[in-house]
Amino acid sequence: MQIIFRFATSQQKALKPGDKLLNKAYLDLLKSYKAGQPLENVKKIQSEFGETLTQRYKFGFTEEELQDVDTMIKKALSLNNSTLTELLAYRTNQAIRKYQRWPLDTASPGVKVAVLSERVIHNMMHMERNRVDYKASRALRKLIQQRRDAINYLRRREYHLYKQIIDEYGIIDQQFGNHHWLEHDHKMPQVSGRLDRIETNIGRYVAYNK
């Protein structure tokens, strides 16, 4: 019994922020947050979304469609009574609708980055509630790396959409290794003869044709 009690007290100490016994996995996650997406930005996104939960409904229903519906049914369909998994599904569907290029688009670069960002936010908030969940911390690190690869691809292909997404999700803009890339404005060139293959890789075109 004494051994079990010591183990329980050590786990409670490890959960206190700022304590020296804070587990290493969570500290590594905090470092990755600062390099990619700070935790403060994620909490701000979650708080702004939580303020509008009463105006959002499951299964794609809108406020206008539920005007003549009984109040109990509206409460049952409200996102206030939904689980965390349902909230993630709702936010993912909203992200797909916002960044899709055509009605059935679910795999374009912008959609992929937005969906991965929603999953990263969901797992980050899970880790804030369960800081000793080592399996979730490992999955979160893998998700962050997958999103970084997708962001780098999107930055090379569609720079303007890349800037829009990182501004919305509070992701840090990591600079290119080639700093000459950042010395010019990303403006659409007048002549588009060389941009048939990659229409949005406009920065290099402008830099090489000044």
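This dialogue explains how helix packing and aromatic pairs are read in a predicted model.

Visitor: What should be known about the model before reading it?
Guide: The model is predicted, so local features need pLDDT of at least 70 and side-chain atom pairs count only at pLDDT 80 or more, while totals for chains, interfaces and linings use all residues. Residues are numbered from 1 along each chain as its sequence is written, and side-chain values use heavy atoms, with hydrogens and water left out.

Visitor: At what angle do the axes of helix H3 and helix H5 cross?
Guide: Axes are lines fitted to C-alpha atoms, for helices over the stretch in contact, and angles run from 0 to 180 degrees between N-to-C directions. Helices are DSSP runs (H or I, at least four residues), numbered from the N terminus. Here, the axes of H3 (residues 39–50) and H5 (residues 84–99) cross at roughly 95° and come within 13 Å. H3 and H5 are therefore roughly perpendicular (65 to 115 degrees).

Visitor: Which residues make the contact?
Guide: Contact means heavy atoms within 4.5 Å. Ile45, Gln46 and Phe49 of H3 meet Leu87, Tyr90 and Arg91 of H5.

Visitor: How is the aromatic pair of Phe49 and Tyr90 arranged?
Guide: Rings of Phe, Tyr and Trp (its six-membered ring) pair if their centres lie within 6.5 Å; planes under 30 degrees apart count as stacked, over 60 as edge-to-face and the rest as tilted. Phe49 and Tyr90 are tilted, with 6.2 Å centre to centre and 40° between the planes. Both residues are buried (under 20% relative accessible area, 1.4 Å probe, protein chains only).

Notes: Helices (H or I, at least four residues) and strands (E, at least two) are DSSP runs, numbered from the N terminus. Angles under 35 degrees count as roughly parallel, over 145 as roughly antiparallel, 65 to 115 as roughly perpendicular and the rest as oblique. Buried means under 20% relative accessible area, exposed over 50%, partly exposed in between (1.4 Å probe, protein chains only).
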